[in-house]
Amino acid sequence: MGVFHKHNQSCSVAESHKRLHKLFLICNYILLSAASSCIFLTLSLRLFPSLCGFFLILLHAFTIIGAISGCSVATSDTSSKLYAAHMVTTSLTAIFQGSVSVLIFTQTGDFLGYLKSYVRQEDGEVILKLAGGLCVLIFCFLWVASTLAFLLRYYAFVEGNGTGNATVSTATNASVYQEEELKKNWPLHLQVV
């Protein structure tokens, strides 16, 4: 009975880990689509962007790169330095996305002037507020994605007994345990000390 209880408990942990990973991937897909939409909205204001528009597009490009690299860094057995660098850049990108959204919503006319848009003022403000709404969405999902990446990394660390690789560690522990159990049941003259 206890064996089945432990087996069912480990299956539920693995199942929640899979659900968490799927949620993390969906969150990154939303980040990819929102950031690429912001790039296209910025380009719709002016096809060849000004310096301010270039930095806005660069911020969204960093968001896309972070979402793509986050899928591999959080779930694989990469180094801690690479994971830490990814978390720092994700946090900084989220802070900048939040700052841009506040700037867009509070200083819409001035920000539109810095972008040197070719479209009418009213249309440019609507497009810019759409981009600001997407920046708020990106801000929220970047923090959700970084939290999920932390949880995925934590679960991999805990299941792997500090190594981050659960399957090798569990298999090694099981084989050592089986060998010790076999040695206990052997007659004394066959046991090797």
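Tyrosine 154, with a relative accessible area of 44%, is partly exposed, and in this predicted model the residue takes part in more than one aromatic contact, since ring pairs link Phe150, Tyr154 and Tyr155 into a cluster. The rings of tyrosine 154 and tyrosine 155 are tilted, because their planes stand at 50 degrees, with centres 5.9 Å apart, and an angle that is neither under 30 nor over 60 degrees falls in the tilted class.

A search of the whole structure gives four aromatic pairs. Among them is the pair of phenylalanine 150 and tyrosine 154, which counts as stacked because the ring planes make an angle of 20 degrees, the centres being 6.3 Å apart. Phenylalanine 150 and tyrosine 154 are four residues apart in helix α5 (residues 121-159), so about one helical turn separates them.

The accessibility of the cluster members is as follows.

| Residue | Relative accessibility | Class |
|---|---|---|
| Phenylalanine 150 | 48% | partly exposed |
| Tyrosine 154 | 44% | partly exposed |
| Tyrosine 155 | 32% | partly exposed |

A further contact with an aromatic ring involves a charged side chain: arginine 153 lies over the face of tyrosine 83, at 4.8 Å from the ring centre.

Turning to the nonpolar surface, Val88, Leu92, Ile95, Phe96 and Trp143 make a patch of about 470 Å². Helix α3 (residues 80-106) supplies the largest share of this nonpolar patch, namely four residues, and valine 88 has its place in helix α3.

Notes
Residues are numbered from 1 along each chain as its sequence is written. This is a predicted model: local features need pLDDT of at least 70, side-chain atom pairs count only at pLDDT 80 or more; totals for chains, interfaces and linings use all residues. Side-chain values use heavy atoms; hydrogens and water are left out. Patches are made of residues with over 30% relative accessible area and no salt bridge: like charges are joined within 9 Å, nonpolar side chains (Val, Leu, Ile, Met, Phe, Trp, Tyr) within 5 Å. Accessible areas come from the Shrake-Rupley method with a 1.4 Å probe; for residues, only the protein chains shown count as cover. A salt bridge is a side-chain nitrogen of Lys or Arg within 4 Å of a carboxyl oxygen of Asp or Glu. Helices (H or I, at least four residues) and strands (E, at least two) are DSSP runs, numbered from the N terminus. Rings of Phe, Tyr and Trp (its six-membered ring) pair if their centres lie within 6.5 Å; planes under 30 degrees apart count as stacked, over 60 as edge-to-face and the rest as tilted. Buried means under 20% relative accessible area, exposed over 50%, partly exposed in between (1.4 Å probe, protein chains only). A charge sits over a ring if NZ of Lys or CZ of Arg is within 6 Å of the ring centre and within 35 degrees of the ring normal.
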